[in-house]
Amino acid sequence: MSRKAHARIDNWAIGTYWKDAYKAPEQRRIVLQGTISRHPVEDSNGEGAVTSAVLWYSSEAGFAETQNTLYVLGTPDPEWVEWLQKEGLTPDSFNRTYQPN
């Protein structure tokens, strides 16, 4: 069993995995976009970055997991949070586990 890398993502928001553009919304995988730090390979050094498809996400627990990395969720992007509030959503609205077909 391989050990996953650990990293932190701040100023984050959720987006849609680009390969799922033509799938129904409930079938689309999610990605995180934000400022990644403490990643052993891909540190964004204060620049924006996008993760690979998220396999598991829980804003309540404060973690997200991709195939190779476990991310600690820092502070979300305030503009994204404001948009969520206008839409009647919260970061918890996206909590999920991706089940490949």
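Is Lys 86 buried or exposed? Lys 86 is exposed, at a relative accessible area of 65%. This is a predicted model.

## Salt bridge within helix H1

Lys 86 has a salt-bridge partner in Glu 82, with N and O 3.5 Å apart. Both residues belong to helix H1, which covers residues 78–87. They sit four residues apart, about one turn of the helix.

Glu 82 is partly exposed, with a relative accessibility of 43%. That value falls short of the exposed class because exposed means over 50%. Lys 86, at 65%, is in that class.

## Salt bridges involving the strands

The whole structure contains three salt bridges. One of them joins Glu 65 to Lys 4, at an N to O distance of 2.8 Å. Glu 65 is in strand S5 (residues 63–66), while Lys 4 is in the segment before strand S1 (5–16), so this salt bridge ties together parts 61 residues apart in sequence. Glu 65 is partly exposed at 24% relative accessibility. Lys 4 is partly exposed too, with a relative accessible area of 24%.

Another salt bridge pairs Asp 10 with Arg 8. Their closest N and O atoms are 2.9 Å apart. Asp 10 has a relative accessible area of 21% and is partly exposed. Arg 8 is partly exposed as well, at 25%. For Asp 10, the class is partly exposed because buried means under 20%.

## Aromatic pairs

The structure has two aromatic pairs. In one, the ring centres of Trp 12 and Tyr 57 lie 6.0 Å apart and the planes meet at 70 degrees, so the pair is edge-to-face. This pair links distant parts of the chain. Trp 12 is in strand S1 and Tyr 57 in strand S4 (residues 54–58), 45 residues apart. Both rings belong to buried residues: Trp 12 has a relative accessible area of 3%, and Tyr 57 has a relative accessibility of 1%.

Trp 12 also pairs with Trp 80: the ring centres are 5.4 Å apart and the planes are at 50 degrees, so this pair is tilted. Trp 80 lies in helix H1 and Trp 12 in strand S1, so the contact ties together parts 68 residues apart in sequence. Trp 12 and Trp 80 are both buried.

## The ring cluster

Which residues do the ring pairs link into a cluster? They are Trp 12, Tyr 57 and Trp 80. Trp 12 takes part in the edge-to-face pair with Tyr 57 and in the tilted pair with Trp 80.

Key:
Residues are numbered from 1 along each chain as its sequence is written. This is a predicted model: local features need pLDDT of at least 70, side-chain atom pairs count only at pLDDT 80 or more; totals for chains, interfaces and linings use all residues. Side-chain values use heavy atoms; hydrogens and water are left out. A salt bridge is a side-chain nitrogen of Lys or Arg within 4 Å of a carboxyl oxygen of Asp or Glu. Helices (H or I, at least four residues) and strands (E, at least two) are DSSP runs, numbered from the N terminus. Buried means under 20% relative accessible area, exposed over 50%, partly exposed in between (1.4 Å probe, protein chains only). Rings of Phe, Tyr and Trp (its six-membered ring) pair if their centres lie within 6.5 Å; planes under 30 degrees apart count as stacked, over 60 as edge-to-face and the rest as tilted.
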